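The exercises below ask you to read burial, contacts and side-chain interactions from a protein model. Work through each task with the structure open before turning to its solution.

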Amino acid sequence: MPSAMMGSTALLFLIVTVHVAAAATVHEHSQCLDNPPDLLQRGVEAGKVEDNLPGGFRAYVTGPPSSKRAVVLASDVYGFEAPLLRKIADKVGATGYYVVVPDFFHGDPYNDSKKLSEWIKTHSPVTAAQDAKPLFDYLRREGKSVGVGGYCWGGKFAAEMAKTDDIKVVVLSHPAYVTVNDMKEVKWPIEILGAQNDTITPPEQVRQFEQALSERKDKIEYFIKIFPRVAHGFACRYNTSDPFAVKNAEQALAYMLDWFHKYLK
Ligand SMILES: *[C@@H]1O[C@H](CO)[C@@H](O)[C@H](O)[C@H]1NC(C)=O
Ligand SMILES: *[C@@H]1O[C@H](CO)[C@@H](O)[C@H](O)[C@H]1NC(C)=O
Ligand SMILES: *[C@@H]1O[C@H](CO)[C@@H](O)[C@H](O)[C@H]1NC(C)=O
């Protein structure tokens, strides 16, 4: 091969490499974004979308409105439209809870036009928990005791709510953004469902949460489980054609329901 041609091949290779590296930076890989919901997979839904709940929230609501026990499900970054999340909500509602899945992103869920690290700056779960106060006040005024089930982003939301007197119990499924310090401040029975292959909140970190909870002088109730051979997102963004994935998601739901049955009176 003439050397000039070899030079241009090398240059081309260099350009391609730089380009790929740049693309990787823009679309950084995060397990928070794996298996995005397929909005076309929406089947029959038992509930309905309500506008203008207190706090200005739209929400998917399902289950008996007269129930004295309410579950607020806090979504992952893809928001309250996700068909599989609504299916979970319907199943929770079918066991007797009034279920509310608020649109905490006010119509602006994550999409891949942005980096997650950019989007999160204006969609903080900590701020969202503060802004949700009117919604929780309303549920309590209706005479309901309230539990929160949070997935990924919603796991941090749930941890924040567990620091308030607005709720009675929380379940965090493959949470993101949760810290050991959060475990020192939660006030209510907390269940954390982690995943062996979770790179967002890896098992070692979940064990640190457990350690912090066990060292609490005030002995709050907790339950920790790490699901083997599944990754972050397994409880609410799973491959419905994969029996192993379906089984694990169903088990996560069963654990969440058990925890609510035990502590939501
Ligand atoms: C994606 O998000 C951006 C800003 O967050 C928004 O302006 C845009 O409309 C969204 N795109 C879609 C297809 O929803
Ligand atoms: C989980 O990790 C194990 C061991 O590294 C690997 O064999 C398996 O394919 C992974 N599964 C998923 C769902 O990521
Ligand atoms: C979902 O699972 C099925 C069955 O295991 C598999 O054939 C398919 O490739 C999976 N889909 C995705 C998107 O991983």
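What follows is a set of five exercises with worked solutions on this predicted model.

**Exercise 1. The overall chain**

Task: establish how many helices and strands there are in the chain, and what percentage of its 265 residues count as buried.

Solution. Begin with the secondary structure, where the chain has nine helices and eight strands. Turn next to accessibility, by which 48% of the 265 residues count as buried. Finally, consider contacts between residues at least 6 apart in sequence, of which 69% join residues at least 24 apart.

**Exercise 2. A charged residue without a salt bridge**

Task: locate Asp 198, decide whether it has a salt bridge, and find which side chain makes a polar contact with its own side chain.

Solution. The first step is to place the residue: Asp 198 belongs to the loop that runs between strand E7 (190–195) and helix H8 (203–214). The second step is to look for a partner of opposite charge; the nearest such side chain is that of Arg 237, 8.6 Å away, and Asp 198, although buried, has no salt bridge. Because a salt bridge requires the nitrogen and the carboxyl oxygen to lie within 4 Å, the pair does not qualify at 8.6 Å. The third step is to search for a polar contact, and here the side chain of His 232 meets that of Asp 198 at 2.9 Å. The last step is to list the surroundings: setting aside neighbours within four places in sequence, Asp 198 is in contact with Gln 31, His 174, Pro 203, Val 230, Ala 231 and His 232.

**Exercise 3. Aromatic rings and charges over them**

Task: count the aromatic pairs in the whole structure, classify the pair formed by Tyr 110 and Trp 119, and find which charged residues lie over the rings of Phe 80 and Phe 227.

Solution. The search of the whole structure yields 15 aromatic pairs. For Tyr 110 and Trp 119, the ring centres are 6.0 Å apart and the planes stand at 90°, so this pair is edge-to-face. Both partners are then checked for burial: Tyr 110 counts as buried at 7% relative accessibility, and Trp 119 counts as buried at 2%. Following the ring pairs outward gives a cluster that joins Phe 57, Tyr 78, Phe 104, Phe 105, Tyr 110, Trp 119, Phe 136, Trp 153 and Phe 157. As for the charges, the charged end of Arg 86 sits over the ring of Phe 80 at 4.9 Å from its centre, while Lys 225 lies over the face of Phe 227, 4.9 Å from the ring centre.

**Exercise 4. Burial in a helix, a strand and a loop**

Task: determine how many residues of helix H6 are buried, and decide whether Gly 150 and Pro 65 are buried or exposed.

Solution. Helix H6 spans residues 153–161, and nine of its nine residues are buried, so the helix is largely enclosed by the rest of the structure; the buried residues include Lys 156 and Glu 160. Gly 150, in strand E5 (residues 145–151), has 0% relative accessibility and counts as buried. Beyond four places in sequence, Gly 150 touches Ala 74, Gly 155, Ala 158, Val 171, Leu 172 and Ser 173. Its C-alpha atom is 6.1 Å from that of Ser 173, although 23 residues separate the two in sequence. Pro 65 is found in the loop between strand E2 (57–62) and strand E3 (69–74), and at 59% relative accessibility this proline counts as exposed. Apart from residues up to four places away, Pro 65 touches Tyr 98 and Lys 144.

**Exercise 5. Salt bridges**

Task: count the salt bridges, and state where in the chain the partners Lys 133 and Asp 166 are placed.

Solution. The count comes to 18 salt bridges. In one of them, the side chains of Lys 133 and Asp 166 meet at 2.9 Å, N to O. This pair links distant parts of the chain, since Lys 133 is in helix H5 (residues 133–141) and Asp 166 in the loop between H6 and strand E6 (169–173), 33 residues apart. Lys 133 is partly exposed, at 38% relative accessible area, whereas Asp 166 is buried, at 6%. To finish, trace the network of salt bridges that links Lys 156, Glu 160, Lys 163, Asp 182 and Glu 185.

Methods. Residues are numbered from 1 along each chain as its sequence is written. Chains are lettered from A and ligands numbered from 1 in the order in which they are written. This is a predicted model: local features need pLDDT of at least 70, side-chain atom pairs count only at pLDDT 80 or more; totals for chains, interfaces and linings use all residues. Side-chain values use heavy atoms; hydrogens and water are left out. Helices (H or I, at least four residues) and strands (E, at least two) are DSSP runs, numbered from the N terminus. Buried means under 20% relative accessible area, exposed over 50%, partly exposed in between (1.4 Å probe, protein chains only). Lys and Arg count as positive and Asp and Glu as negative; His and the chain ends are not counted. A polar contact is a pair of N or O atoms within 3.5 Å; within protein, one must be able to donate a hydrogen and the other to accept it, and residues adjacent in sequence count only if both atoms are side-chain atoms. Contact means heavy atoms within 4.5 Å. Rings of Phe, Tyr and Trp (its six-membered ring) pair if their centres lie within 6.5 Å; planes under 30 degrees apart count as stacked, over 60 as edge-to-face and the rest as tilted. A charge sits over a ring if NZ of Lys or CZ of Arg is within 6 Å of the ring centre and within 35 degrees of the ring normal.
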